[in-house]
Amino acid sequence: MYLLPAIDILGGKVVRLAKGDYAQATVYHDDPVAQAQAFKEAGATWLHVVDLDGARSGKPENTATIEKIITKTQLKVEAGGGIRSIEAIQRLSGAGVSRVVLGTSLVTDPAFTEAALAHHRDLLAAGIDARGGEVALAGWSEGAGIPAEELVARVASLGFKHLVYTDIERDGMQVGVDAAAYVRIAGIFGSPVIASGGVAGIPDIEALGAVADSIEGIIVGRAIYEKELDVAAAVMVCAEATRRAGEVCMAEDPCGGGCLCE
């Protein structure tokens with residue numbers, strides 16, 4: 001289990017949206033690269049970077065900035081936002097991105113999703129954003145009319161190895177996490193998931209750490225920027241949860257498969 005500090009880029013700045021509302025964007029830093037460097041210095045090894053301009057327009061618009069972040073920090077970057085073509089995936093891969101998150105296209109363009117998996121399976125993650133149990137699309141501006149759990153099962157059957165699951169109602173609100181919900185989603189997906197939405201402080205990291213066999217990573221944004229969560233402390237909690245989960249795994253099923261100690 002690892003921490004992914006979030007850098008959401010809108011208009012060249014680091015922002016956070018409240019419940020995915022572009023009209024409720026708070027600017028936290030004028031320089032995404034400098035912010036990424038600060039996260040590295042605090043001990044982060046991963047970043048979750050969202051191209052909000054791209055999520056809204058349907059095509060990546062901040063790939064150059066993402067490349068600068070990687071070049072400057074050498075951090076692993078999970079990137080999403082407006083990725084709806086093989087060319088966009090290739091551009092991000094060329095920029096050094098470690099993982100590319102597909103979101104809207106999972107619903108709107110199944111043919112592209114299958115083509116992307118055929119060419120870049122190991123690079124991809126499914127990004128499912130849910131509001132009230134329903135999938136949200138296009139930068140969270142539209143409802144898909146599809147139950148989120150149904151889409152989770154679908155992407156699992158397609159062969160995605162990673163899943164970023166966001167609870168929009170909690171995202172950016174610092175209201176706490178619903179650990180049981182992520183356990184349920186991980187059970188449907190068949191592998192640990194990357195949890196996003198609602199982290200308010202270290203107790204939430206600890207709550208997810210208690211179910212670390214269902215959690216691959218934890219995305220945190222506003223709580224960091226509002227000084228409610230210290231990145232260095234959160235990284236340590238994640239590391240300890242991974243250690244404990246590995247000990248349990250070895251005791252109960254010495255690498256029989258499908259666990260964090262593999």
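Helix axes here are lines fitted to C-alpha atoms over the stretch in contact, and angles run from 0 to 180 degrees between N-to-C directions. The model shown in every view is predicted.

**View 1. Helix α4 packs with helix α6.** The second helix, α6, spans residues 110-120. The angle between α4 and α6 is about 35°. Their axes lie 10 Å apart. The crossing of this pair is right-handed. From α4, the contact takes in Ile 86, Ile 89 and Gln 90. From α6, Phe 112, Ala 115, Ala 116 and His 120 take part. Five of the residues in this contact are nonpolar and two are polar. No charged residue belongs to the contact of α4 with α6.

**View 2. Helix α1 packs with helix α3.** Helix α1 covers residues 32-41, and helix α3 covers residues 63-73. These two helices meet at an angle of about 35°. Their axes are 9 Å apart. α1 and α3 cross in a right-handed sense. The α1 side of the contact consists of Pro 32, Val 33, Ala 36, Gln 37 and Lys 40. The α3 side consists of Thr 65, Lys 68, Ile 69, Lys 72 and Thr 73. By class, the contact of α1 with α3 holds four nonpolar, three polar and three charged residues.

**View 3. Helix α3 has a buried side and an exposed face.** Thr 63, Ile 66, Ile 69, Ile 70 and Thr 73 are the buried residues in α3. Why do they lie on the same side of α3? They cover an arc of only 115° around the axis, so they share one side of the helix. The face turned away from that buried side carries Ala 64, Lys 68, Thr 71 and Lys 72, which are exposed. Several elements help to cover the buried residues of α3. Among them are α1, strand β4 (46-51), strand β5 (76-80) and helix α4 (86-94).

**View 4. Gln 74 follows helix α3.** Gln 74 sits in the loop between α3 and β5. Its phi is positive, about 60°, although Gln 74 is not a glycine. Is Gln 74 buried or exposed? The relative accessibility of Gln 74 is 61%, so the residue counts as exposed.

**View 5. Lys 227 also has a positive phi.** Lys 227 lies in the loop between α10 (222-225) and α11 (231-252). Phi of Lys 227 is near 65°, and the residue is not a glycine. With a relative accessibility of 71%, Lys 227 counts as exposed.

**View 6. Glu 78 is buried in strand β5.** The relative accessible area of Glu 78 is 0%. The cut-off for a buried residue is under 20%, so Glu 78 qualifies. Which residues does Glu 78 touch, leaving out those up to four places away in sequence? The partners are Leu 4, Trp 46, Leu 47, His 48, Val 49, Arg 99, Val 101, Val 164, Ile 194 and Ile 219.

**View 7. Tyr 22 and Asp 53 form a pair separated in sequence.** Tyr 22 is part of strand β3 (residues 21-29). Tyr 22 has a relative accessible area of 17%, so it counts as buried. In sequence, Tyr 22 and Asp 53 are 31 residues apart. In space, their C-alpha atoms are 9.9 Å apart.

**View 8. Arg 244 and Gly 209 form another such pair.** Arg 244 belongs to helix α11. At 37% relative accessibility, Arg 244 counts as partly exposed. Arg 244 and Gly 209 stand 35 residues apart in sequence. From C-alpha to C-alpha, the distance is 9.0 Å.

**View 9. The whole chain gives the setting for the close-ups.** The chain contains eleven helices and twelve strands. Of its 262 residues, 54% are buried. The chain exposes about 10,800 Å². Carbon and sulfur atoms supply 50% of that area. How many of the contacts between residues at least 6 apart in sequence join residues at least 24 apart? The share is 66%.

Notes: Residues numbered from 1 in each chain as written. Predicted model: local features only at pLDDT ≥ 70, side-chain atom pairs only at ≥ 80, totals over all residues. Heavy atoms only, no water. Helix = DSSP H or I, 4+ residues; strand = E, 2+ residues; numbered from the N terminus. Left-handed = near helix turned anticlockwise from the far one by under 90°. Contact = heavy atoms within 4.5 Å. Nonpolar A, V, L, I, M, F, W, Y, C, P; charged D, E, K, R; others polar. Buried < 20%, exposed > 50% of the residue type's maximum accessible area, 1.4 Å probe, protein only. Arc of directions from axis to C-beta. Areas by Shrake-Rupley, 256 points an atom, 1.4 Å probe, with all protein chains shown as cover.
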